[in-house]
Amino acid sequence: MFNIGGCRENSVSVIETIDVINLILEKKLNYCLSGSSRKGDHIVYYSDMRKFKHAFPSWKMMYSLEDIFREMIDAEKKRMS
């Protein structure tokens with residue numbers, strides 16, 4: 001069993017997420033930042049996928065983060081129409 005989530009290639013911060021959504025929607029999301037972290041938050045965390053990649057050397061990610069965000073936004077637009 002492998003935990004394959006969280007390697008650098010498919011991880012994004014909340015601020016990076018907002019930037020990508022702004023880019024896709026061509027709008028500026030309205031948000032504000034708090035000066036403090038939530039209790040229990042990780043500053044940064046990436047899973048080590050070396051074992052998985054060794055076990056499955058031909059496996060490759062099929063979607064970029066932008067692809068994933070676009071798919072989610074398109075699905076939400078369809079749901080709302």
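**Entry: Asn 22**

I began with the contacts of Asn 22 in this predicted model, and, leaving aside residues up to four places away in sequence, I found that Asn 22 touches Lys 27, Lys 28 and Leu 29. I then looked up where Asn 22 sits, and the residue lies in helix α1. Is Asn 22 buried or exposed? I noted a relative accessibility of 13% for Asn 22, which means that the residue counts as buried, since the cut-off for that class is under 20%.

**Entry: aromatic rings**

I turned next to the aromatic side chains, bearing in mind that a pair of rings is described by the distance of the centres and the angle of the planes. How many aromatic pairs does the count come to? I recorded 2 aromatic pairs.

In one of them, Phe 52 and Phe 56 have their centres 5.0 Å apart with 35° between the planes, and the pair is tilted. In the other entry I made, the ring centres of Phe 52 and Trp 59 are 5.2 Å apart and the planes stand at 85°, so I wrote this pair down as edge-to-face, the label used for angles over 60 degrees. Ring pairs thus link Phe 52, Phe 56 and Trp 59 into a cluster.

I also checked how each of these rings is covered: Phe 52 is buried, with a relative accessible area of 10%, whereas Phe 56 is partly exposed, at 42%, and Trp 59 is partly exposed as well, at 32% relative accessibility.

**Entry: a nonpolar surface patch**

Which residues form the nonpolar patch on the surface? I listed Phe 2, Ile 4, Phe 56, Trp 59 and Met 61, which together have about 420 Å² of accessible area. Two of these names, Phe 56 and Trp 59, I had already met in the ring cluster with Phe 52. Phe 2 I located in the segment before α1, the helix that spans residues 14–25, and because its relative accessibility is 39%, Phe 2 counts as partly exposed.

**Entry: salt bridges**

I then went on to the charged residues, keeping in mind that side chains of opposite charge can pair when their charged atoms come close. The count comes to 5 salt bridges, and I followed up some of them, including the one in which the side chains of Asp 41 and Arg 38 meet at 3.0 Å, N to O. Within this pair Asp 41 is partly exposed, with a relative accessible area of 38%, while Arg 38, at 63% relative accessibility, counts as exposed.

Another salt bridge joins Arg 50 to Asp 48, with the closest N and O atoms 2.5 Å apart, and here I noted that Arg 50 and Asp 48 are both exposed.

I looked up Glu 66 last, and Glu 66 forms a salt bridge with Arg 70, the closest N and O atoms being 2.7 Å apart. Why are Glu 66 and Arg 70 separated by about one helical turn? I saw that both belong to helix α3, residues 65–80, and that they are 4 residues apart there, so about one helical turn lies between them. Glu 66 counts as partly exposed at 31% relative accessibility, and Arg 70 counts as partly exposed at 34%.

Terms used: Residues are numbered from 1 along each chain as its sequence is written. This is a predicted model: local features need pLDDT of at least 70, side-chain atom pairs count only at pLDDT 80 or more; totals for chains, interfaces and linings use all residues. Side-chain values use heavy atoms; hydrogens and water are left out. Patches are made of residues with over 30% relative accessible area and no salt bridge: like charges are joined within 9 Å, nonpolar side chains (Val, Leu, Ile, Met, Phe, Trp, Tyr) within 5 Å. Accessible areas come from the Shrake-Rupley method with a 1.4 Å probe; for residues, only the protein chains shown count as cover. A salt bridge is a side-chain nitrogen of Lys or Arg within 4 Å of a carboxyl oxygen of Asp or Glu. Helices (H or I, at least four residues) and strands (E, at least two) are DSSP runs, numbered from the N terminus. Buried means under 20% relative accessible area, exposed over 50%, partly exposed in between (1.4 Å probe, protein chains only). Contact means heavy atoms within 4.5 Å. Rings of Phe, Tyr and Trp (its six-membered ring) pair if their centres lie within 6.5 Å; planes under 30 degrees apart count as stacked, over 60 as edge-to-face and the rest as tilted.
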